[in-house]
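Colleague: I should be grateful for a close look at a single part of this model, set out for someone who works at the bench. Please place that part in its surroundings and explain each term as you use it.

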Amino acid sequence: MLTRPVNRFTLALFVFALAGCIAGATPAAAGAPPALSLANLDTTCAPCRDFNRYANGGWLAAATIPAALPSWGSFDELAERNQDALHTIVVRAAADTKATPESDTGRLGAYWCACMDSATTDRLGARPLEPRLAAIEALASTRALAGQVAVLHAAPIPALFSFQSRQDPKHSEQVIAFAGQGGLGLPDRDYYLRDDSASVETRARYLAHIARTFELLGSGPAPARDAADRVLALETALARASMTNVQRRDPRATYNKMAVDSLARLAPRFDWTAYLAARGLAALDSINVTQPGFLRAVDSLVAAVPVADWKAYLRWKAADTASADLSRPFVDESFSFEQVLTGAEAMLPRWKRCLRSLDADLGDLLGRVYVAEHFSPEARARALRLVDDLEAALGERIAELDWMGPETRRRAIEKLQAFEDKIGYPNTWRDYAGVSLTRTTHFANRAGARAWEARRNLKKIGRPVDRGEWSMTAPTVNAFYSSSLNSINFPAGILQPPFFDPSWDDAMNYGGIGTVIGHEMSHGFDDRGRQFDARGNLSDWWTAEDAAHYKERAQKVVAQFDGYTVLDSLHLNGKLTLGENIADLGGIAVAYFALQKAQAGQPVTRIDGLTPGQRFFLSYAQVWREAVRPASLRTQVQTDPHSPGVWRVNGPLSNLPEFAREFGCKDGDAMVRPKEQRARIW
């Protein structure tokens with residue numbers, strides 16, 4: 001024979017290793033839920049008093065948050081079913097002994113086996129990280145800081161500031177370099193600066209977490225605590241220089257394109273020449289600096305902070321990024337602080353953590369198989385028809401707005417007609433030919449895949465924008481609007497119950513995925529999205545009068561959500577959540593209007609005693625049902641532009657006469673806002 005036969009001992013070792021990555025049957029997937037279960041309702045609560053409780057109270061009473069999750073809701077239920085499907089795919093790939101290493105199946109199998117090999121990972125301990133830590137320890141002066149930050153960014157490890165390629169907001173056909181704030185370990189700048197008891201406690205636990213991680217790396221308790229103090233002090237200085245999450249929502253405030261020479265003058269103590277050369281960008285001529293004040297602060301810190309502090313900070317960033325992929329003591333320590341922010345009671349099983357990593361690193365390999373097996377052409381075609389219906393409905397509503405003048409209306413319809421509809425999966429799947437993988441070392445696989453992606457990102461600079469590229473993987477249970485691409489994006493992962501099913505009646509599909517479609521379309525015209533034109537350029541296409549009318553209506557949304565509280569006294573941030581709240585409000589109104597158009601002239605057919613309109617609103621409400629742990633809810637309210645589920649239901653619906661009409665709600669009912677406070681934009 002032309003190939004060498006495998007001896008029995010080698011074969012036995014291979015079979016033993018293979019058993020580790022395919023051991024354990026795939027969990028039995030829960031069946032898709034029915035379109036609407038009356039058991040999920042709480043009919044003891046009037047719909048006009050608290051619609052979320054009426055629609056979801058039965059479900060909430062029975063719901064149990066899995067120990068490893070911070071919350072549980074419709075998105076999580078669907079994600080669990082998708083994970084079971086993905087698990088079947090990767091276990092099958094791992095078991096395929098005929099797959100070549102360069103094939104899609106071979107890559108999936110290799111990555112999966114290495115990730116599931118916890119014994120090897122535990123045996124290696126912190127050794128995979130040692131070369132990186134040694135390079136940091138060799139840092140001789142702050143002048144050499146730029147080169148070391150460049151090495152970490154190429155990994156990629158988020159140290160000191162952010163640097164990546166993105167579309168030029170004012171020239172949307174080109175990709176340019178971006179630099180801005182970053183380098184924090186807590187979720188947001190305000191975690192470092194607020195003096196309330198919860199924030200003080202979080203900082204104390206973060207400090208202890210850093211110190212324990214340094215001890216795992218070999219430091220004694222006292223040096224570890226000293227290094228942790230240095231890290232927290234440096235991150236606090238970076239936080240003080242950072243924009244708030246509300247300020248960052250203004251795309252004009254974060255557009256400061258300048259020549260690289262100007263960047264060097266802005267922060268001269270940081271060696272930008274060395275940094276850019278190390279990133280392969282020595283010839284870069286311009287860059288968008290999203291937060292110039294932040295980089296000025298970095299410049300001051302480079303001058304004032306001793307090199308020992310920088311070493312501690314960079315060691316922490318390297319360890320923090322790697323901990324989840326190292327031995328069990330590091331994983332446990334990383335999870336211990338995750339619990340502070342999420343309230344999760346247990347760690348996800350290893351196979352679920354491996355799926356998350358695989359989706360992040362090789363998502364299109366996984367997505368291609370997932371789509372072939374779980375997303376039919378019929379489902380995609382039905383979803384596209386819904387998108388067409390929703391776009392037509394929004395066009396009619398824009399044409400009828402009484403507060404918008406003819407010139408702005410013309411430009412708004414032009415933008416709507418230019419929407420690019422991305423349904424299910426990309427037309428061209430990503431090629432991972434440059435990613436080297438083995439079946440033995442998970443850390444090396446992750447590091448290689450992530451470094452490959454970082455290089456791919458920077459190679460885009462100076463090139464035309466690829467408008468067909470997706471930034472979400474196909475199995476993802478989510479959707480998004482891109483203002484720079486002017487595209488609405490719906491991965492196959494979300495195009496399933498309880499959001500969508502081709503066999504459902506129109507009311508359920510329009511109330512589920514229809515409102516999601518309407519939501520993403522409305523993002524094109526929310527407080528941020530409305531500032532971009534039909535080609536995705538940051539451009540003021542509004543007349544001053546129409547812009548003033550828009551802001552007046554948007555301010556009502558801000559005031560409404562500012563008034564909501566969770567955990568007794570924690571207020572929602574109406575400015576932070578404004579874009580999502582506007583999108584919810586517009587999405588429901590447009591989807592309901594589209595349903596009425598679709599059913600015009602048809603007899604009203606009740607199902608379970610409910611009209612199509614009532615089923616529409618119940619379908620919407622069940623999408624946002626969720627049970628949340630207090631720690632997770634606190635983190636969400638302080639950092640997330642999305643409102644909690646209860647207010648995503650009751651908040652927008654209380655503004656809509658259509659909802660009040662369907663359920664017979666009257667002025668004075670809790671679900672009917674006073675007319676003078678009522679928000680209505682689209």
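Modeller: The account below begins with one strand, moves to its partners, and then widens to the rest of the chain.

This is a predicted model, in which local features need pLDDT of at least 70 and side-chain atom pairs count only at pLDDT 80 or more, while totals for chains, interfaces and linings use all residues. Residues are numbered from 1 along each chain as its sequence is written, and side-chain values use heavy atoms, with hydrogens and water left out.

The part chosen is strand β8, residues 487–491. Helices and strands here are DSSP runs numbered from the N terminus, a helix being H or I over at least four residues and a strand being E over at least two. Five of the five residues of β8 are buried, where buried means under 20% relative accessible area, exposed means over 50%, and partly exposed lies in between (1.4 Å probe, protein chains only). In a regular strand the side chains alternate between the two faces of the sheet. On one side of β8 lie S487, N489 and P491, on the other I488 and F490, and both faces are covered.

The partners of β8 come next. Strands of a sheet pair through backbone hydrogen bonds, either parallel or antiparallel; two strands are counted as paired if DSSP finds at least two bridges between them. Strand β6, residues 420–424, runs parallel to β8 and is joined to it by five bridges. Within that pairing, E420 has S487 as its bridge partner, and D421 has I488. Strand β7, residues 480–482, pairs with β8 in the antiparallel sense over three bridges, and there Y481 is the bridge partner of I488. I488 therefore takes part in bridges to both D421 and Y481.

Together these three strands form an open sheet in the order β6-β8-β7, with mixed pairing. The edge strands are β6 and β7, each of which pairs on one side only. Neighbouring strands of this sheet are turned by 15° against each other on average, direction ignored. Helix α20 (residues 506–523) packs on the sheet and touches β7 and β8, its direction making about 150° with that of β8. For these angles, axes are lines fitted to C-alpha atoms, for helices over the stretch in contact, and angles run from 0 to 180 degrees between N-to-C directions.

The link between β7 and β8 deserves its own mention. The hairpin of these strands has four residues between them, and N486 takes a positive phi near 50°. S484 also lies in the loop between β7 and β8. Because its relative accessibility is 16%, S484 counts as buried. Beyond its neighbours within four places in sequence, S484 is in contact (heavy atoms within 4.5 Å) with Q167, S172, R467, F532, R535 and G536.

Elsewhere in the chain there is an open sheet of four strands in the order β2-β3-β5-β4, again with mixed pairing. Its edge strands are β2 (161–168) and β4 (257–259), each pairing on one side only, and its neighbouring strands are turned by 35° against each other on average, direction ignored. β2 pairs in the antiparallel sense with strand β3 (residues 171–181) over eight bridges; F163 stands opposite A179 in β3. Two residues separate β2 from β3 in their hairpin. β4 and strand β5 (residues 286–289) also pair in the antiparallel sense, over three bridges, with M258 opposite I287.

A helix pair can be described as well. The axes of helix α17 (residues 377–399) and helix α22 (residues 578–598) come within 9 Å and cross at roughly 105°. That makes α17 roughly perpendicular to α22; angles under 35 degrees count as roughly parallel, over 145 as roughly antiparallel, 65 to 115 as roughly perpendicular, and the rest as oblique.

Finally, the whole chain has 26 helices and 11 strands, and 55% of its 682 residues are buried. Its C-alpha trace spans about 75 × 65 × 50 Å along the principal axes. The radius of gyration, taken over C-alpha atoms, is compared with a globule rule of 2.2 Å times the number of residues to the power 0.38; a compact globule of 682 residues would have a value near 26 Å, and the chain has 26 Å, which agrees.
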